[in-house]
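Opening the notebook on a new chain today. I want the overall picture, then one sheet and one helix pair.

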Amino acid sequence: MIFKNKKNKRSIEYANKIIDNKLIVHPLWEYVDIKNGIDWKQDPFNNGTWCYYLHSLGSINYLMNAYEDEKKNIYIEKAKEIITSWEKANNSHSKPVSRYAWKDHSTANRVVAIIYFWSIYINSELYEAKFEKELVLLLEKHGEFLYDDKNYNFRNNHGVFQDKALIELSIIFPQILNSNLWYEKAADRLLRYVNKFVSENGVHKENSSAYHILMLRLLREIDEFLSYHEKSIPELRRTIFKMEEHLAYIVKPNGIVPMTGDSGPDSIRFIHMNEIKNPKMRYVRSKGKKGKKPENEVVYKDEGIAIFKDNLKAKKELYIYFTAAFHSLAHKHADDLSFLLTIGNTDFFVDSGKYNYQEKDEYRKYFRSTFAHNSVTVDRETYELSSNQLGKSKVIKYGIKDDYSFVVGVHELYPGVKIERTLIYLKKLSSVLIHDNLQSSKIHTYSQIFNVGRDVVVEPLTKKKVLLRSTIDEKEVELIQVNHVTEFKNYVGEKKPIAGWQSSKFNEKYPITQLRFSNKSDNLEYKSIINLEPNSDNGIKNYVLKKSNKNKYTVICKNGDNFTFSI
């Protein structure tokens, strides 16, 4: 058993283009002409991610996929040509022709691709002992690079890809000197990553639900590979089990994960039932046919995540996600105290998506900013995403009760400003309260921001009341501002300033509606209401907060009744 990239349904098409000297490194980009050979210094799309894929030798995977289906030697010949070309241009990692040639991620992925090629080449009609020896020497050079901690990425999941490659090298080529040391180093570093970036509750702390899935699948691949080769890392299997359970909670009713941090709308349908060990995840993946039903509501206090789910009276499933967490810079957005709200198949309040990884791109900056999330901005600026901000955002209180559930988060990510947000889901009243308490010794412009999904029509009734209507099922939601509003802005796909955008595909964006409610003060309260059943007797029109030993809320209902509770 070796690691293989899963076959792309267009692998043969891509492989034939490569044979025709039209290089494809990833489906996200068009082909590049290589009839005069590959220029390993090139950056035709002015995109570092493309360069990573180029030097990962992802093209080898398409060629080998095609060979396994078609059994044509021309695919092996082209792959050999590409590997030889790369080695000639980048033989020394101290003097690479491109800064992407010997990077953490590209080096690790290249090892996996070359081993895939080697496994086919040694059993082919084209096999030559001399070239196999050259391949093994090239892989040995890669192993030495990956083994050296100076080249290891301890900051994010790229290190796991390095460990995966080094584990494979050490096991598939035990004859290489020091391969046993490679294995021990990779296993040790892998556990260090897990202990740092996966919580005791199985929450992956790289700030992205999509990367939670990616890392879950990556760790499972490593575990299965080890098991096949009669090795194991017991802690790894326990971590996988816990990560499956967290995924069972965060996934939306439609099987899509929320687009938190650098995420797209990833689906759990690509996770096969036979891979899943956790009974709660089995229940969710099988849509209730197997496993054990997870609770509707859960709060991970230390990890800074709350999820509230419910079945509304209109027979629509409600999903609320709240976050207050700044554990690392990996895939982090300025989304602290932001929330997402979905009813049925309609995303009413949404996250931005990743767009791309080009940090100088003005739209990438926007997608990571506070403006692209449902939170509060100060002085019309986002806060800094830097290491000195770690730990300055957290959940401080929560409760799950029969009539209501709540979560309280706080951050001090803007210098001199403390922001505390309380989100309360009133179950019997089908309403959500959002209470923001902003404190500073100076006057600031505070803006409460709501980003509305693209399947929602927005009808501002006043500058304090907005009706949101789903184009999918005509479901309506009402947003009310109880407090005074000095300025109300409604943006849709604006370029100056950049506002009202979402991205669900790499390097693609589309307009959505953004609502901004702004006031100027030193200390300020925002009191917002989201009525989930605005046309029924349910819902509320106002609420007041009375400070005491506990926060006491009195809700003024539409039908004239009052509901009082403390948190």
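My entries below go from the whole chain to the sheet and then to the helices.

**Entry 1: the whole chain**

I noted at the start that this is a predicted model. I counted elements next, and the protein chain has 12 helices and 26 strands. For overall dimensions I looked up the radius of gyration, which is 26 Å, while the globule rule gives 24 Å for 567 residues. Those two values are close, so I wrote the chain down as being as compact as a globular protein of that length. Along the principal axes, the C-alpha trace spans about 85 × 50 × 45 Å.

**Entry 2: the open sheet**

In what order do the 8 strands of the open sheet lie? I read it off as β9-β10-β11-β12-β23-β16-β15-β14, and the pairing is antiparallel. Which strands stand at the edges? They are β9 (393-400) and β14 (456-462). Each has a single partner strand, so one side of each is left without a neighbour in the sheet. I also checked the twist, and it averages 15° from one strand to the next.

**Entry 3: two pairings inside that sheet**

I began at the β14 edge. β14 pairs with β15 (residues 465-470) through 6 bridges, and the two run antiparallel. The connection is a hairpin, with 2 residues joining β14 to β15. For a specific pair I picked Thr 462, whose bridge partner in β15 is Lys 465.

Then I moved to β16 and β23. β16 covers residues 476-481 and β23 covers residues 524-531; these strands are antiparallel as well, joined by 4 bridges. Here I followed Leu 479 across and found Ile 530 of β23 as its bridge partner.

A reminder to myself for looking at side chains: in a regular strand they alternate between the two faces of the sheet.

**Entry 4: α4 against α6**

Packed helix pairs get described by the angle and the distance between their axes, so I looked up both. For α4 (residues 73-90) and α6 (residues 129-147), the axes come within 12 Å and cross at roughly 50°. That makes α4 oblique to α6. The crossing itself is left-handed.

Which residues meet there? From α4 I listed Lys 80, Ile 83, Thr 84, Trp 86 and Glu 87. From α6 I listed Phe 131, Leu 135, Leu 138 and His 142. Sorted by character, the residues of this contact come out as 5 nonpolar, 2 polar and 2 charged.

Technical notes:
Residues numbered from 1 in each chain as written. Predicted model: local features only at pLDDT ≥ 70, side-chain atom pairs only at ≥ 80, totals over all residues. Heavy atoms only, no water. Axes fitted to C-alpha atoms, helices over the stretch in contact; angles between N-to-C directions. Parallel < 35°, antiparallel > 145°, perpendicular 65-115°, else oblique. Left-handed = near helix turned anticlockwise from the far one by under 90°. Contact = heavy atoms within 4.5 Å. Nonpolar A, V, L, I, M, F, W, Y, C, P; charged D, E, K, R; others polar. Pairing = 2+ DSSP bridges. Rg over C-alpha atoms; globule rule 2.2 N^0.38 Å.
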